[in-house]
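Open the model in your viewer and keep the selection tool at hand. Each stop below says what to select and what is there.

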Amino acid sequence: MSKALLKVSDLRVSFFTPAGEVKAVGGISYELSENEILGIVGESGSGKSVEAYSIIQLLQPPGRVIGGTIEFDGENLLEYSKTRMRQFRGDKVSMIFQNPMTCLNPVYTVGDQLTEALTCHRSVSSADARTRSIEMLERVGINNVEKRMKQYPHELSGGMRQRIMIAIALICSPRLLIADEPTTALDVTIQAQILELIKELQKDTGMAVIFITHNLGVVAEICDRVAVMYGGKIAEQGTADDIFYSPAHPYTRGLLRSMPRLDEVRRDRLIPIKGSPVDMLNPPAGCPLSPRCDECMKICLRADPSKTKLSATHNVHCWNQRAAAGEKYVMTEAR
Amino acid sequence: MKKNPISIQPNVDKILEYLPDDFTLAADSEKENFIELRKSTSYWQDAWRRLKRNGVAMVALGVLLLTFLFAFLGPVVIPYTNVQQVRGSENLYPLSYSAQELAKLDAGESVFPHLFGTDQFGRDLLVRNMHATRISLIIGVTASLIVLVIGTLYGSISGYAGGKVDFVMMRIVDMVYALPEILVVLLLSSILKVPLQNLLNSSSSALIRGLSQFGSGVVSIFIVFGLLFWVGSSRIIRGQILSLKRREFVTAAKALGASSPRIIRKHLLPNCIGQIIVTTMMQIPSAIFLESFLSFLGLGVSAPVATLGSLCSDALGGMRTYPSRLIIPSIILSIIILCFNLFGDGLRDALDPRMKR
Amino acid sequence: MVRYILKRLLVALLTIFVISCVTFLLMNAIPGGPFLSEKAPSQATLDAMNAKYGLDKPVPVQLFNYVKSVFQGDFGVSLRMQRNRPILDIIKEMFPVSAKLGIFALLSAIILGIPMGCVAAYRQGKVTDSILRVVTTLGIAVPGFVLAALLQYFLCVKLGLFPSMGIAKPIQYVLPVFCLSFYPMCYIGRLMRSSMLDAINQEYVRTARAKGVRPFALIFKHTLRNAVIPVITYLGPLTAYTLTGGFVVESVFSIPGLGRYFVQSILNRDYPLIMGTTIFLAVLIVMMNVVVDIAYKFVDPRIDFGKGND
């Protein structure tokens with residue numbers, strides 16, 4: 001594994017709502033190297049988007065990072081000043097969002113919004129900015145570029161807009177792209193095209209990608225490594241193969257069971273995960289999944305399991321794995 | 001891997017003492033303790049709770065209740081009447097007595113003080129203000145009820161019928177909307193004044209005689225509201241109905257063979273009742289405002305009936321000597337409109353599910 | 001674009017036509033008709049009237065003639081206020097005064113209202129926001145005539161800060177303009193605050209932040225431009241308000257404008273003058289609505305020029 005580009009350690013994010021503190025992210029750690037696509041998987045409210053927003057500090061009040069570090073290239077982003085962070089956003093790290101319909105400003109042309117992303121960070125002439133924008137639009141697979149530059153977002157289709165969002169995100173050649181459910185709002189065929197495009201662009205530029213989704217199928221398609229989040233914590237982390245072929249956490253197994261598959265002909269119905277997502281205002285004392293877990297043990301309700309390393313790439317937070325390992329579990333680390 | 005030395009999270013394994021049965025499956029009953037049971041509350045309970053939490057709206061509601069007491073209970077308590085002219089007590093300042101009344105007081109008789117003074121005819125201004133407030137409130141509520149009925153009927157028919165009917169009905173609304181309403185109001189009230197007066201004087205029907213108490217000005221305001229002001233609320237109701245009628249429960253009702261009026265009454269209107277209440281509530285201050293505007297210009301109620309607007313208008317001439325005659329009804333009027341607005345805002349926040357956070 | 005404007009103008013003409021008809025028919029419903037409101041018109045007056053309006057002809061013909069002359073700019077003559085003076089002449093004399101007042105009021109409402117809303121939105125929940133909230137709520141609750149009368153009493157009569165009548169000197173504009181602009185200013189302030197808050201939370205603003213756009217451009221380019229759109233829609237009703245609000249303010253401050261004159265003509269039952277002024281003011285309001293609609297299309301590119309008026 002090459003040197004880590006992004007190192008998140010013990011990140012904690014809370015929302016201070018009138019009803020009380022919501023621990024949206026309760027201490028997560030992971031690393032990401034250049035040229036790597038990390039998938040973060042979880043259901044709504046699992047904290048996956050909040051975690052991503054805190055990397056580029058786009059959290060809206062009452063959300064606040066309350067602990068941990070986010071190191072990018074060895075520098076702690078949480079110590080950056082506001083101005084420094086602004087210069088950093090869109091230049092070194094870019095983000096694309098779920099709903100391309102509402103993410104582009106309706107009153108400005110595509111060209112305007114695209115060049116703006118460049119001129120914010122580079123002092124280039126308007127002609128150069130235009131050339132670069134056209135180049136970028138072509139790069140993300142948009143035809144008839146001259147015309148598109150002059151069009152307004154509402155004149156374009158959803159897929160096209162997401163391509164433009166990608167062009168905006170990548171125009172400054174960032175080293176990390178955060179994609180927050182970029183395909184969720186799109187048609188299935190368009191989804192595949194956009195995924196293909198992201199994968200291709202990643203290969204060409206060698207940037208790192210954090211791909212946030214609730215769709216395991218999408219993860220399988222493009223991610224090198226996967227982190228499964230539940231209740232603001234990472235439940236299981238490993239390579240795509242680890243997660244898909246030897247899932248160790250009951251939640252991961254549940255997710256896989258609830259996903260339709262073409263290669264299993266015998267099974268004729270999907271098994272949903274029972275119960276409803278964890279109440280973040282009042283989470284259980286132990287493992288967040290415990291009330292919904294079929295394999296829940298007494299200790300699960302009482303204490304949060306620490307990390308169990310299953311292999312060099314694969315680790316899981318589950319008492320069951322600890323129990324399986326008995327007294328000689330491999331190695332633990334406080335998280 | 002090393003343990004992070006600055007981690008604030010203690011190592012679980014060190015502090016945790018395993019119990020013998022820790023690694024056995026937990027029973028469902030144990031798990032249930034962690035599944036929070038949220039009490040379900042009805043729409044109205046929820047709305048009321050949110051309204052109660054809104055301090056400004058509750059204060060406005062309180063002030064409005066006091067105003068209603070002032071207007072409807074006040075004249076009963078005060079020993080003067082609206083038209084009673086106390087001889088010798090003309091043009092009194094607030095809280096002052098005329099020479100005769102002072103003499104009476106000296107003689108040991110009790111005289112009810114003129115808290116707000118009297119006008120040039122010796123009429124007690126407190127009672128006149130109470131009556132004026134009463135008329136203003138009645139006008140506001142009645143006019144908004146007229147708007148409610150017409151707007152809701154028109155809007156729900158238009159929205160429910162859809163298609164060509166909707167198109168035609170909405171073009172009519174557009175036309176009415178394009179008319180400058182205050183101009184039409186002025187025009188109508190100036191035209192209607194004479195014929196209405198004749199009608200009110202000649203007719204013997206109880207309803208019309210009841211109306212004639214208010215005078216032609218008020219009646220023309222009702223007519224204007226009936227003609228013009230329903231368009232806003234009919235648009236809102238139509239929009240609501242349009243979005244509601246595509247919902248599954250309406251389809252289900254149709255599939256069960258429910259008639260259209262039944263669907264409108266049982267399924268559509270109850271679901272936009274919040275919107276209806278809020279728009280009606282918001283009509284009240286605008287009706288009161290419009291009436292006082294007309295009365296102020298001398299086009300509203302006719303003497304001896306007084307509203308807050310006409311009291312202000314009457315006081316304008318003698319403003320230099322009797323400022324209180326202007327200030328008191330002005331303040332009452334402002335407070336009423338303010339409180340209706342604030343309470344309406346609060347009500348919208350409480351009732352409108354879209355505002356729910 | 002041209003087609004849209006033409007279409008919009010056509011609708012406006014239609015509205016004016018309807019207003020003229022409604023006005024005429026309403027007036028015609030008055031016993032004795034609009035032109036014969038005096039108890040015993042002299043034979044000479046009657047003849048003149050008959051010749052001018054063809055009062056002996058059936059109502060539809062009269063209506064046609066009236067509407068025709070309105071579209072030709074002939075509003076007839078005043079009957080009572082200024083006997084036999086052409087109404088257009090009166091309007092030409094009186095309207096500039098009202099227009100000056102109205103334009104000042106409109107401008108100050110917009111110039112003060114928009115920043116007020118923005119500041120309130122950016123200081124949401126802070127003291128500034130609360131103060132502005134109180135002021136704007138009061139502003140939309142206190143009727144214009146109450147404000148005018150109270151200000152006149154306290155500032156002119158009690159404190160003697162301003163002259164209370166007329167508009168001979170520039171300082172005399174201050175109070176009338178303030179009274180006329182206070183309501184729309186507060187209304188715009190509230191509108192602006194809520195649309196600004198709405199705009200701040202839009203996803204495209206988040207995109208702009210993710211791009212690393214400077215704070216200045218974030219506020220002015222990405223937020224304000226979108227937030228100002230509802231305010232533009234309000235400009236139509238605002239014009240109507242300023243014109244009709246002028247009735248009261250001009251009456252209170254004794255300003256010799258069209259508004260005060262209109263009110264007096266109503267009180268005096270000078271029906272031809274009422275009709276003429278109503279139609280004139282309605283034309284102004286309708287035209288302003290057209291201008292606003294066209295301006296709206298320029299600001300918001302989402303609206304399709306080719307399609308109708310929805």
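**First stop: an exposed arginine in chain B**

Select Arg246(B): with 8 other C-beta atoms within 10 Å, Arg246(B) is exposed, because a residue with 12 or fewer such neighbours counts as exposed. The model you are looking at is predicted. Arg246(B) sits in the loop that links α11 (216–245) and α12 (248–255) of chain B. Now add Tyr160(B) to the selection. Tyr160(B) and Arg246(B) are 86 residues apart along the chain, and their C-alpha atoms are separated by 10.0 Å.

Next, select Ile138(B), which belongs to helix α7 (residues 125–161) of chain B. Is Ile138(B) buried, exposed or partly exposed? Ile138(B) has 17 C-beta neighbours inside 10 Å and so counts as partly exposed. Take Val168(B) as a second point: Val168(B) is 30 residues from Ile138(B) in sequence, and the two are 34 Å apart in space, C-alpha to C-alpha.

**Chain B as a whole**

Colour chain B by secondary structure. Chain B has 16 helices and 0 strands. Of its 357 residues, 40% count as buried. Among the contacts in chain B with a separation of 6 or more, 74% are between residues 24 or more positions apart.

**Where chain B touches chain C**

Select the residues of each chain that touch the other. Here 34 residues of chain B are in contact with 35 residues of chain C. On the chain B side, the elements that give two or more residues are α8 (163–178), α9 (181–202), α14 (273–296), α15 (308–317) and α16 (323–351) of chain B. Which of these gives the largest share? That is α16(B), with 10 residues. By class, this side of chain B has 27 nonpolar, 6 polar and 1 charged residues.

**Chain C and its N-terminal helix**

Move on to chain C. Its secondary structure comes to 12 helices and 0 strands. Buried residues are 44% of the 310 residues of chain C. Of the contacts in chain C between residues at least 6 apart in sequence, 73% join residues at least 24 apart.

Select helix α1 (residues 2–28) of chain C. At 1.5 Å a residue, its 27 residues should span 39 Å, and the end C-alpha atoms are 39 Å apart, so the two values agree. Then pick out the buried residues of α1(C): Thr15(C), Ile16(C), Ile19(C), Ser20(C), Thr23(C), Phe24(C), Leu26(C) and Met27(C). An α-helix has 3.6 residues a turn, so residues three or four places apart point the same way.

**Two nonpolar cores**

Select Cys312(B), Phe145(C), Ala148(C), Ala149(C), Ile188(C) and Val248(C). These have the most contacts inside the largest nonpolar core, which has 155 residues. Zoom in on Ala148(C): leaving aside neighbours within four places in sequence, Ala148(C) is in contact with Cys179(C), Val248(C), Val249(C), Val252(C) and Phe253(C). A second, separate core has 95 residues, among them Leu118(A), Phe211(A), Val219(A) and Met297(A).

**Chain A: an enclosed strand**

Select strand β9 (residues 225–230) of chain A. Why is β9(A) described as largely enclosed by the rest of the structure? Because 6 of its 6 residues are buried. Arg225(A), Ala227(A) and Met229(A) point one way from the strand, while Val226(A), Val228(A) and Tyr230(A) point the other way.

Show the strands that pair with β9(A). Strand β3 (residues 37–41) of chain A runs parallel to β9(A) and is joined to it by 4 bridges; Gly39(A) has Val226(A) as its bridge partner in β9(A). Strand β10 (residues 233–239) of chain A runs antiparallel to β9(A), with 6 bridges between them. Here Met229(A) stands opposite Ile234(A). β9(A) and β10(A) form a hairpin with 2 residues between them, and Gly231(A) in the turn has a positive phi of about 60°.

**Last stop: the open sheet of chain A**

Select the open sheet of 4 strands in chain A, whose order is β2-β1-β4-β5 with antiparallel pairing. Its edge strands, each pairing on one side only, are β2 (20–33) and β5 (75–76) of chain A. At one edge, 2 bridges join strand β4 (residues 63–72) of chain A to β5(A), and Glu71(A) has Asn76(A) as its bridge partner in β5(A). Finally, select helix α1 (residues 48–55) of chain A, which lies across β1 (4–17), β2 and β4 of chain A and runs at about 115° to β1(A).

Note on methods. Residues are numbered from 1 along each chain as its sequence is written. Chains are lettered from A and ligands numbered from 1 in the order in which they are written. This is a predicted model: local features need pLDDT of at least 70, side-chain atom pairs count only at pLDDT 80 or more; totals for chains, interfaces and linings use all residues. The expected span of a helix is 1.5 Å times one less than its number of residues. A residue is buried if 20 or more other C-beta atoms lie within 10 Å of its own, exposed if 12 or fewer, and partly exposed in between; C-beta atoms are placed from the backbone. Two strands pair if DSSP finds at least two bridges between them. Two residues are in contact if their C-beta atoms, placed from the backbone, lie within 7 Å. Ala, Val, Leu, Ile, Met, Phe, Trp, Tyr, Cys and Pro count as nonpolar, Asp, Glu, Lys and Arg as charged, and the others, Gly among them, as polar. A nonpolar core is a set of buried Ala, Val, Leu, Ile, Met, Phe, Trp, Tyr and Cys residues joined through C-beta atoms within 7 Å. Axes are lines fitted to C-alpha atoms, for helices over the stretch in contact, and angles run from 0 to 180 degrees between N-to-C directions.
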